[in-house]
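The following report describes a protein chain through its charged side chains, its helices and a few distances along the backbone. Please keep the sequence and the structure in view while reading.

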Amino acid sequence: MTRPTTRVLALLELLQARGLLSGADIAERLGVDRRTVRRYISVLEDLGIPVITEQGRYGGYRLVPG
């Protein structure tokens, strides 16, 4: 089992490499549930990394360009 810090960094790498990803895609890739993904997104935001959350059927998470 990987540590939460490792998974948060893996999430950051996914968002940098892929752009917009749904919560379900992230959860599957990290081996966690969607609620955990939301917690990891909050951790990134607390660290000052701007994450955009797009709601709806085709929504997901992505980093602010730049």
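Where is the place of Asp 33? In this predicted model, Asp 33 sits in the loop between helix H2, which covers residues 23-30, and H3. Asp 33 has a relative accessibility of 45%, and because values between 20% and 50% count as partly exposed, it is placed in that class. From this loop, the side chain of Asp 33 reaches the backbone nitrogen of Arg 35 at 3.3 Å.

Arg 35 also belongs to a patch of positive charge on the surface, where it gathers with Arg 34, Arg 38 and Arg 39. Of these residues, Arg 39 can be followed further: it lies in helix H3, which runs over residues 34-46, and it counts as partly exposed at a relative accessibility of 49%.

Salt bridges are a separate matter. Side chains of opposite charge can pair when their charged atoms come close. How many salt bridges does a search of the whole structure find? The search finds 1, and in it the side chains of Arg 62 and Glu 54 meet with an N to O distance of 2.6 Å. Both partners are partly exposed, since the relative accessible area is 27% for Arg 62 and 29% for Glu 54, and each value lies between the limits of 20% and 50%.

Two further residues help to place the N-terminal helices. Arg 3 lies in the segment before H1 and is exposed, because its relative accessible area of 60% is over the 50% limit. Gly 19 is found in the loop between helix H1, which spans residues 4-18, and H2, and with a relative accessibility of 28% Gly 19 counts as partly exposed.

The table below lists C-alpha separations for three pairs of residues, together with their spacing along the chain.

| Pair | Spacing along the chain | C-alpha separation |
|---|---|---|
| Asp 33 and Gly 23 | 10 residues | 8.7 Å |
| Gly 19 and Val 43 | 24 residues | 18 Å |
| Arg 3 and Val 64 | 61 residues | 26 Å |

Read with the text above, these pairs link the loop residue Asp 33 to Gly 23 at 8.7 Å, the loop residue Gly 19 to Val 43 at 18 Å, and Arg 3 to Val 64 at 26 Å.

Terms used: Residues are numbered from 1 along each chain as its sequence is written. This is a predicted model: local features need pLDDT of at least 70, side-chain atom pairs count only at pLDDT 80 or more; totals for chains, interfaces and linings use all residues. Side-chain values use heavy atoms; hydrogens and water are left out. Patches are made of residues with over 30% relative accessible area and no salt bridge: like charges are joined within 9 Å, nonpolar side chains (Val, Leu, Ile, Met, Phe, Trp, Tyr) within 5 Å. Accessible areas come from the Shrake-Rupley method with a 1.4 Å probe; for residues, only the protein chains shown count as cover. A salt bridge is a side-chain nitrogen of Lys or Arg within 4 Å of a carboxyl oxygen of Asp or Glu. Lys and Arg count as positive and Asp and Glu as negative; His and the chain ends are not counted. The place of a charge is taken as NZ of Lys, CZ of Arg, CG of Asp or CD of Glu. Helices (H or I, at least four residues) and strands (E, at least two) are DSSP runs, numbered from the N terminus. Buried means under 20% relative accessible area, exposed over 50%, partly exposed in between (1.4 Å probe, protein chains only). A polar contact is a pair of N or O atoms within 3.5 Å; within protein, one must be able to donate a hydrogen and the other to accept it, and residues adjacent in sequence count only if both atoms are side-chain atoms.
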